[in-house]
Amino acid sequence: MSIWWSLHLRREAASVPLARRLLLGTMETAGVDPDICYDLAVALSEACANAVEHGGDAASEDYRVTAFIDGDTCRIEITDSGPGFRPRPAPSAPPHRAEDRALAPAPVPTPAQAPAFAEDGRGLFLIEALTDHVHYRNRTGRPGAVVSFDKILKWREGAALPLAS
């Protein structure tokens, strides 16, 4: 057996706990290990919060959350209508003189390198830390970003979903 659901949510802060509660309820009912449920709930919350904050302008008032539980894997995908991801600047040769190095701009951190004091980037860092595979891309042919992530599931003893397969 597999489980699939999709939500269209308004880009409002109140939508984040709604998506999280639906995911947690589904996973708990299916018998997913509570630690895995927690990791995915935090990752989902961070991705939804990013979609609410960065996912569009006044004309794009919604975003989509889709979750699939198939076998021992859960995949979650969040799609918005915002500007999408900006390409990272091409690396340039590092300055050789000490005074030039002091004036050089700091490199743009990747999500896995986000410092603890950073204002931005911690959500992506958490998603990467709590899941097994993360993919970021821009939507094809239209504005928006897609964040998808997978996690291998562990099951409680006597869980309903693995027994139904």
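Biologist: Let's start with Cys37: is this residue buried or exposed?

Modeller: Keep in mind that this is a predicted model. Buried means under 20% relative accessible area. Cys37 falls below that cut-off, so the residue is buried, with a relative accessible area of 1%.

Biologist: And Cys48, what is its relative accessibility?

Modeller: Cys48 also appears among the helix 2 residues that meet helix 1. Cys48 counts as buried, because its relative accessibility is 0%.

Biologist: How many disulfides does a search of the whole structure find?

Modeller: Two cysteine sulfur atoms must lie within 2.5 Å to make a disulfide. For Cys37, the closest cysteine sulfur is in Cys74, and at 9.1 Å that is too far for a bond. Over the whole structure, the number of disulfides found is zero.

Biologist: Good to know. Stepping back, what pattern does the protein chain follow along the sequence?

Modeller: The chain's secondary structure comprises five helices and five strands. Read along the sequence, they are arranged as β-α-α-β-β-α-α-β-β-α.

Biologist: What share of the residues in the protein chain is buried?

Modeller: The chain has 165 residues. Cys37, at 1%, is one example of a buried residue. Across the protein chain, the buried share is 36%.

Biologist: Among contacts between residues at least 6 apart in sequence, what percentage join residues at least 24 apart?

Modeller: One pair with a wide sequence separation is Asp35 and Lys154, which are 119 residues apart in sequence but 8.8 Å apart in space, C-alpha to C-alpha. For contacts in the protein chain between residues at least 6 apart, the portion joining residues at least 24 apart is 65%.

Biologist: Now the helices. How are helix 1 and helix 2 oriented to each other?

Modeller: Their axes come within 9 Å and cross at roughly 155 degrees. Angles over 145 degrees count as roughly antiparallel. Helix 1 and helix 2 are therefore roughly antiparallel.

Biologist: Which residues of helix 2 does helix 1 meet?

Modeller: Helix 1 passes helix 2 in a right-handed crossing. The residues of this contact divide into 13 nonpolar, two polar and two charged. From helix 1 come Ser15, Val16, Ala19, Arg20, Leu23, Leu24, Met27 and Glu28. On the helix 2 side they meet Ile36, Cys37, Leu40, Ala41, Leu44, Ser45, Cys48, Ala49 and Val52.

Biologist: What is the orientation of helix 2 and helix 4 to each other?

Modeller: Helix 2 spans residues 34–54 and helix 4 residues 122–130, and their axes come within 9 Å. The axes cross at roughly 150 degrees. The crossing is left-handed. Helix 2 and helix 4 are therefore roughly antiparallel.

Biologist: How do the residues of the contact of helix 2 with helix 4 divide?

Modeller: Helix 2 contributes Asp39, Val42, Ala43, Glu46, Ala47 and Asn50. Helix 4 contributes Gly123, Leu124, Leu126, Ile127 and Leu130. The residues of this contact divide into seven nonpolar, two polar and two charged.

Biologist: What separates the C-alpha atoms of Gly123 and Val42?

Modeller: Gly123 is placed in helix 4, and at 11% relative accessibility this glycine counts as buried. Gly123 and Val42 both belong to the contact of helix 2 with helix 4. Although their positions lie 81 residues apart along the chain, their C-alpha atoms are separated by 9.3 Å.

Biologist: Back to helix 1: which residues does Thr26 contact, leaving aside its neighbours within four places in sequence?

Modeller: Thr26 lies in helix 1, residues 15–30, and counts as buried at 15% relative accessibility. Thr26 and Ile3 are 23 residues apart in sequence, with 8.4 Å from C-alpha to C-alpha. Beyond those neighbours, Thr26 is in contact with Ile3, Trp5 and Ile69.

Biologist: What is the relative accessible area of Leu18?

Modeller: Leu18 is found in helix 1. Its C-alpha atom is 9.9 Å from that of Leu7, which is 11 residues away along the chain. Leu18 is partly exposed, with a relative accessible area of 45%.

Biologist: And Asp35, is this residue buried or exposed?

Modeller: Asp35 is found in helix 2. Exposed means over 50% relative accessible area. At 56%, Asp35 is therefore exposed.

Key: Residues are numbered from 1 along each chain as its sequence is written. This is a predicted model: local features need pLDDT of at least 70, side-chain atom pairs count only at pLDDT 80 or more; totals for chains, interfaces and linings use all residues. Side-chain values use heavy atoms; hydrogens and water are left out. Buried means under 20% relative accessible area, exposed over 50%, partly exposed in between (1.4 Å probe, protein chains only). Axes are lines fitted to C-alpha atoms, for helices over the stretch in contact, and angles run from 0 to 180 degrees between N-to-C directions. Angles under 35 degrees count as roughly parallel, over 145 as roughly antiparallel, 65 to 115 as roughly perpendicular and the rest as oblique. A crossing is left-handed if the near helix is turned anticlockwise from the far one by less than a right angle, and right-handed if clockwise. Contact means heavy atoms within 4.5 Å. Ala, Val, Leu, Ile, Met, Phe, Trp, Tyr, Cys and Pro count as nonpolar, Asp, Glu, Lys and Arg as charged, and the others, Gly among them, as polar.
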